[in-house]
Amino acid sequence: MYLQAHALPSHISPPPELNVAIIGAGATGVELAAELHHACHEFVRYGLDDIAPQNVNITLIEAADRVLPVLPAATSAAAEAQLAKLGITVRTKTKVVAIHADGIECEGGLRIPASLRVWSAGIKAPDFLQNLAGLETNRINQLVVKPSLQSTRDDNIFAFGDCASCTLPNMERPVPPRAQSAQQQANYLVKALAAHIQNKPLPIYKYSDFGSLISLSEGNSVGSLVGNINVKGRIARLMYVMLYRMHQYSLHGFFKTLMLWSKDQLSKSSSPTLKLH
């Protein structure tokens, strides 16, 4: 859209606008809104200034009564305050009923103009899981599994991550479909699968919520840690970066993570801050 606007005659009036609507104010929606705000300012540095940053209108739509509804209220409030500071419009308690080519139609007759519409409200497992060998699934196609991560209808089939719905005995809701959940389940399955093959009792799977960190683009983050400890600002940003490096370490090991960190540090002054492809 920026390239299209750049191709228009420079004397066009009024100046072109870009209306963006993001449906779903979970972690993905909030982070995307902040990154898009950052991107529209970075585009100017590349000469794509036909759409001025102040003419980019980003609206974040959430059916719940606050953004980041699964996180503590204090974290949600801190994130919403930062989004407001960035000039992002947040509409909570707003249910989408239809999506059109030129905007979003909400309950109560509200219409939000949007030439770019992004759906970030929740997850859905692949459709083929609905009819997979007669296994039990829920309304979003996830395989329903027991606390051992075995499917409810076949103990020889295990599932984890976003494609599985696991409700533990001490929980009212299923384990949330988050990265830390999948990592903990993967670590559990390393032991559980070995025990299952050897016809030994399976270990007990336990989920631990270590909190969440939400990136609000360059230099800012908010989040909550174990025990509902709320963090924000530079401290939260530092923790977010450290968590990212820890994920790299778990995938690549110490040496390659060190090399990736070194590359990132060296390229800060020579590489673009924004990819245009």
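Let me start at helix α6, residues 254-267, which gives the most to a nonpolar patch on the surface, contributing five residues. I should say at once that this is a predicted model, and everything that follows should be heard with that in mind. The patch itself covers about 700 Å² and is made by Tyr249, Phe254, Phe255, Leu258, Met259 and Trp261. Of these residues, Tyr249 lies in helix α5, which spans residues 233-252, and with a relative accessible area of 48% Tyr249 counts as partly exposed, because the exposed class begins only over 50%.

Stepping back to the whole chain for a moment, we have six helices and 14 strands. Of the 277 residues, 36% count as buried, while the chain exposes about 16,800 Å², of which carbon and sulfur atoms supply 57%. If we take the contacts between residues at least 6 apart in sequence, 51% of them join residues at least 24 apart.

Now to the sheet I would like to look at with you, which is an open one of four strands, in the order β3-β2-β1-β7, with parallel pairing. Which strands stand at the edges? They are β3, residues 89-91, and β7, residues 116-119, and each has a single partner strand, so one side of each is left without a neighbour in the sheet. From one strand to the next, the twist averages 15°.

Within this sheet, strand β2, residues 56-61, runs parallel to β3 and is joined to it by three bridges; on the level of residues, Ile61 has Arg91 of β3 as its bridge partner. Packed on the sheet is helix α2, residues 27-45, which touches β1 (18-23), β2 and β7, and whose direction makes about 175° with that of β2.

The last residue I want to discuss is Ser215, which lies in strand β12, residues 211-215. Is Ser215 buried or exposed? Its relative accessibility is 6%, and because the buried class takes in everything under 20%, Ser215 counts as buried. Leaving aside residues up to four places away in sequence, Ser215 touches Glu31, Glu35, Asn220, Ser221, Arg237 and Tyr240. Two of these contacts lead back to elements already mentioned: Glu31 falls within the residue range of helix α2, 27-45, and Arg237 within that of helix α5, 233-252.

To close, I would set the two residues side by side: Tyr249, partly exposed at 48%, is one of the residues that make the nonpolar patch, whereas Ser215, at 6%, is buried.

Methods
Residues are numbered from 1 along each chain as its sequence is written. This is a predicted model: local features need pLDDT of at least 70, side-chain atom pairs count only at pLDDT 80 or more; totals for chains, interfaces and linings use all residues. Side-chain values use heavy atoms; hydrogens and water are left out. Two strands pair if DSSP finds at least two bridges between them. Helices (H or I, at least four residues) and strands (E, at least two) are DSSP runs, numbered from the N terminus. Axes are lines fitted to C-alpha atoms, for helices over the stretch in contact, and angles run from 0 to 180 degrees between N-to-C directions. Contact means heavy atoms within 4.5 Å. Buried means under 20% relative accessible area, exposed over 50%, partly exposed in between (1.4 Å probe, protein chains only). Patches are made of residues with over 30% relative accessible area and no salt bridge: like charges are joined within 9 Å, nonpolar side chains (Val, Leu, Ile, Met, Phe, Trp, Tyr) within 5 Å. Accessible areas come from the Shrake-Rupley method with a 1.4 Å probe; for residues, only the protein chains shown count as cover. A salt bridge is a side-chain nitrogen of Lys or Arg within 4 Å of a carboxyl oxygen of Asp or Glu.
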